[in-house]
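Reader: Before I plan anything at the bench, I would like a close look at a single part of this model, its interior. Could you take me through it with care, one residue or element at a time?

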Amino acid sequence: MAAAALLAVPSASASRFLQHGIFDDAQILYGNPDQTFPVLKQLRTKLIRVNLVWGGANGVAKRRPANPANPNDRAYDWSAYDRTVNYAAQYGIKVVFSIIGTPPWANGAAGVNVAPRSALDLQRFATAAARRYGGQFAAPDGRLLPPVRHWLAWNEPNNPAFLRPQYRKVGGRYVAQSPIDYAKICNAIYRGVSVTTLGASKVACGVTGPRGNNEPTSARPALSPLAFLRGMKKAGAARFDAYAHHPYYGSPQETPASPPPPGKRGVAPTAVTLGNIGVLIKEVTRLYGNKRIWVTEYGYQTNPPDPIFGVSPALQARYLTQAYGIMKKHPRIDMMLWFLLRDERRARLQEGWQSGLVTETGARKPAFAAFQRLG
């Protein structure tokens, strides 16, 4: 384990900026805030991640706005997000907004996980969002809405669940399409937010999932993090402030410091977990320079209730502490967001995620106290 840890932790000075938080839309965005936010405060939560959904059933823009860069356009419904940022400010918690989900009118109803036909539509939505949550915008009740200074461009675009197609066939050969589409998404969100807030806000691109098979003819093609990173650079993803990644483990046998197992025939693994996150950071540095690194999803599921991917509640607490320690020692990592606060209700069916700090019924796991001790 010690040798593996050296792969993930450089000898340079530790991060001075690491902040930790929670990502759980079911509880934070859609749950009862009078119940959820006191618990977040008890946990000493510094950040909450919230998916700011552009389109879809819960989207802000259910129809095409007449003036898309204006947050007051009548097509927009920000009410859930206004409530969340107000509660977060009341409890001294910062918000990380992740802009995701394409409306039907922006891509011919191809699906929320298909890029918009025009990146300008997305840029204008990002502008409207950044204006509304820039710190100087009055809500309908007359109060100024609190500022949001951390933004993410999409979610796991190397995963077909969140961006498709991953590949397309051109002239008899397969081309990685998701990095091409994502470069436009990244640029649009960065421009929409950064120009509006004049540098006061930070935008992270990438937001990559930990795995991908790089096999366009497989049943579920997906790009590995390094292949995707190189592809988005080649496709023109130009400017952003941080690179975000989700370095989840692959099996219950992997500790936070364990590198993923090698690939076929002993070749280097395509996965980037916390145990080998240094290879991703090295490639980010080669392609983009000294960008900051945000870990915007991380977690360990528990058994019970998950007998396949879960670890014991005691190990979950231990691994949470170890993971935070690894990130704290890295001079480039500024953020660790744990997924989830509460186990999903589907846990009884062995579906969904069971990485909560509390069970589905609200009982605290040992990880609850471990999270409190982070600071």
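Author: A good place to begin is W338, which counts as buried because its relative accessible area is 0%. The model is a predicted one, and what follows should be read with that in mind. W338 belongs to strand β10, which covers residues 333–338. Setting aside neighbours within four places in sequence, W338 is in contact with residues from several stretches of the chain, including G21, I22 and F23, then Y298, G299 and Y300, and also Q316 and L320. S355, L357 and F371 are likewise among the contacts of W338. For L357 there is also a C-alpha to C-alpha distance from W338, which is 9.0 Å, although the two residues are 19 apart in sequence.

F37 can be described in a similar way, since F37 too is buried, with a relative accessibility of 0%. F37 sits in helix α3, residues 33–42, and, with residues up to four places away in sequence not counted, F37 touches I28, I48, T84, Y87, A88, Y91 and I93. The C-alpha atoms of F37 and Q90 lie 9.2 Å apart, with their positions 53 residues apart in sequence.

The next part to consider is helix α7, where a disulfide, two helix packings and another buried residue can be followed together. The structure holds 1 disulfide, formed by C186 and C205, whose sulfur atoms are 2.2 Å apart. C186 lies in α7 (residues 178–197) and C205 in strand β7 (residues 202–208), so the bond ties together parts that are 19 residues apart in sequence. The angle about the S-S bond is 100°, and the link is right-handed; C186 and C205 are both buried.

Helix α7 packs against α6 at an angle of about 35°, with the axes 8 Å apart, and the crossing of these two helices is right-handed. On the α6 side the contact is made by A119, L122, Q123, A126, T127, A130 and R131, while α7 contributes K184, I185, A188, I189, R191, G192, V193, T196 and T197. Helix α7 also packs against helix α8 (residues 225–234), here at an angle of about 60° and again with axes 8 Å apart, so α7 is oblique to α8. This crossing is right-handed as well, and in it S178, P179, Y182 and A183 of α7 meet F228, G231 and M232 of α8.

S178, one of the α7 residues in that meeting with α8, is buried, with a relative accessible area of 0%. Beyond its neighbours within four places in sequence, S178 is in contact with P157, L163, P165, Q166, L223 and F228.

L163 also appears among the residues that touch N113, together with P160, A161, F162 and R164, again without residues up to four places away in sequence. N113 lies in the loop between α5 (104–107) and α6 (119–132). At 12% relative accessibility N113 counts as buried, because the limit for that word is under 20%. A polar atom of the N113 side chain lies 3.2 Å from the backbone oxygen of P160, which gives the loop residue a specific partner to look for when you inspect the model.

Note on methods: Residues numbered from 1 in each chain as written. Predicted model: local features only at pLDDT ≥ 70, side-chain atom pairs only at ≥ 80, totals over all residues. Heavy atoms only, no water. Disulfide = S-S within 2.5 Å. Helix = DSSP H or I, 4+ residues; strand = E, 2+ residues; numbered from the N terminus. Buried < 20%, exposed > 50% of the residue type's maximum accessible area, 1.4 Å probe, protein only. Polar contact = N/O pair within 3.5 Å; in protein donor to acceptor, adjacent residues only side chain to side chain. Contact = heavy atoms within 4.5 Å. Axes fitted to C-alpha atoms, helices over the stretch in contact; angles between N-to-C directions. Parallel < 35°, antiparallel > 145°, perpendicular 65-115°, else oblique. Left-handed = near helix turned anticlockwise from the far one by under 90°.
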